[in-house]
Amino acid sequence: MALDSETNYIFFENREALVLAGGGARAAYQVGVLRAIADWLPADAPCPFEVLVGTSAGALNAAALAARASRMGEAVAALESVWSNFRVEQVVRADPATMVRGGLHWMLSMVSGGWFLPPPRSLLDTSPLRELLQKSIPLERIPASIAAGPVQAVAVATTSYSTGQAVAFFEAQRSVREWSRVRRSGVRHPIDVDVLMASSAIPFMFPAARVQGDYYGDGAMRQLAPLSPAVHLGANRLLVVGTRADSAASPADGSIDTPPSPGHLLGFVLDSLFTDGLSIDLERMRQINGLLLADGTPDAKGRRPIEALVIQPSDDPNDLARKHLRAMPRSLRTLLRVIGALEARGGLLASYLLFESVYTTELMHLGMADATARREEIETYLR
């Protein structure tokens, strides 16, 4: 692998990467895609991707693959076991008592101007998610996976609240160096529970996580170049699994007779965080590829195009979530209703927070069906 100070388009070998975008509960779709790929491989086949990169909930899936990289089928089965049995209570504390205490805390803080009680640090308590990650992902196996070779690097995208930079924490073979670019950097650090909690800490909703003495939040917030970590880790062939359908209606769909509610605005912000950066980076990459191929040969410095195959839901996850809203705990539904997140214009937010098996299972089936429909294309990519 070669990286210079000017560009990341010089490679000495082909290296495949799996890039898993953020998306909260929508990341169940990625597990369906991975199930289809695992079914096409021999039962004892290792992970076919040499580089794994994840953001937010996609980071949890990437870390789970890296931890069991020696057997792709086993890794995907472990992911399926979690996502097919998901309950909101495994991610956040949503029992009535906790929600009432949280509401009173906000109220007393507002009434006292923050003097009697400081404002809460987040809307929801994610301590159950930390416990789930500790039980379900053997993160201590990642160094062995990298040493054995099925996976050569794994990166998790986060956002630093102190510097405002997009920081990709990574574990990789020794030859991989840290990097620093405008507003983004790569830092060698064990992929542990704190890193995963940081990457999935949706702003305002989930609390920030502390890593190396600083606080970090969801990796999508400042991720201007979501594909960058994979390229810095030496990949020139990317399989990107997103969580928003290309054909999805605009996040602003619904009634235009009333102004958007806070719940709709928050859903709109999350949709932008998780999808816009990826779409823009893919477009930028295609433009650069076009310039490199303009004369039909590599440029004078030997730069080569980066291939990318993108898999996204064929059905809008927002529409699927609307069918299963009643599966969400009543206390959480009440909270979302209060902020207007269950209105026609606000249902988008629920599609990211609906960690319930009826919804996640349907997304997994959709991912498997979409991958199967593009099997020839994906298998050609995987060679």
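**Figure 1. Buried residues of helix α3 in the predicted model.** The buried residues of α3 are M72, A75, V76, L79 and W83. Seen down the axis of α3, these residues fall within an arc of 90°, so they line one face of the helix. Their packing partners are α1 (28–40), α2 (57–67) and α13 (357–373). Helix α3 comprises 12 residues (72–83), and at 1.5 Å a residue it should span 16 Å; the end C-alpha atoms are 17 Å apart, which agrees with that expectation. The model shown here and in the following views is predicted.

**Figure 2. Strand β9 and its two parallel partners.** Strand β9 covers residues 237–241, and 5 of its 5 residues are buried. In a regular strand the side chains alternate between the two faces of the sheet. In β9, R237, L239 and V241 point one way, whereas L238 and V240 point the other way. Strand β1 (residues 16–20) pairs with β9 in the parallel sense over 5 bridges, and L20 has V241 of β9 as its bridge partner. Strand β10 (residues 307–311) also pairs with β9 in the parallel sense, over 5 bridges. Within β10, E307 stands opposite R237. The charged names R237 and E307 thus mark one opposed pair of this pairing.

**Figure 3. Strand β4 between an antiparallel and a parallel pairing.** Strand β4 (residues 166–172) is mostly covered, with 7 of its 7 residues buried. A166, A168, F170 and A172 point one way from β4, while V167, F169 and E171 point the other way. With strand β3 (residues 153–160), β4 pairs in the antiparallel sense over 7 bridges; V154 stands opposite E171 of β4. The two strands β3 and β4 form a hairpin with 5 residues between them, and G164 in the turn has a positive phi of about 75°. With strand β6 (residues 184–188), β4 pairs in the parallel sense over 5 bridges. In that pairing, R184 of β6 stands opposite A166.

**Figure 4. Surroundings of D281 in helix α9.** D281 lies in helix α9, which runs over residues 262–292. With a relative accessible area of 7%, under the 20% limit, D281 is buried. A polar atom of the D281 side chain lies 2.8 Å from the backbone nitrogen of L227. Not counting residues up to four places away in sequence, D281 touches L224, A225, P226, L227 and S228. The last of these residues, S228, is the subject of the next view.

**Figure 5. S228 in contact with R184 and D281.** S228 is found in helix α8 (residues 228–232). At 8% relative accessibility, S228 counts as buried. The side chains of S228 and R184 are joined by a polar contact of 3.1 Å. Leaving aside neighbours within four places in sequence, S228 is in contact with R184 and D281. R184 also appears in the view of β4, where this residue of β6 stands opposite A166.

**Figure 6. Two loop residues with positive phi, S56 and R183.** Most residues other than glycine have a negative phi. S56, a residue other than glycine, has a positive phi near 55°. S56 is found in the loop between β2 (51–55) and α2, and with a relative accessible area of 2% this residue is buried. R183 has a positive phi of about 65°, although it is not a glycine. The place of R183 is in the loop between β5 (179–181) and β6. With a relative accessible area of 39%, R183 is partly exposed, whereas S56 is buried.

**Figure 7. The whole protein as context for the close-up views.** The protein contains 14 helices and 10 strands. Of its 383 residues, 56% are buried. Among contacts between residues at least 6 apart in sequence, 76% join residues at least 24 apart. The accessible surface of the protein comes to about 16500 Å², and 56% of this surface belongs to carbon and sulfur atoms.

Methods. Residues are numbered from 1 along each chain as its sequence is written. This is a predicted model: local features need pLDDT of at least 70, side-chain atom pairs count only at pLDDT 80 or more; totals for chains, interfaces and linings use all residues. Side-chain values use heavy atoms; hydrogens and water are left out. Helices (H or I, at least four residues) and strands (E, at least two) are DSSP runs, numbered from the N terminus. The expected span of a helix is 1.5 Å times one less than its number of residues. Buried means under 20% relative accessible area, exposed over 50%, partly exposed in between (1.4 Å probe, protein chains only). The arc is that of the directions from the helix axis to the C-beta atoms. Contact means heavy atoms within 4.5 Å. Accessible areas come from the Shrake-Rupley method with a 1.4 Å probe; for residues, only the protein chains shown count as cover. Two strands pair if DSSP finds at least two bridges between them. A polar contact is a pair of N or O atoms within 3.5 Å; within protein, one must be able to donate a hydrogen and the other to accept it, and residues adjacent in sequence count only if both atoms are side-chain atoms.
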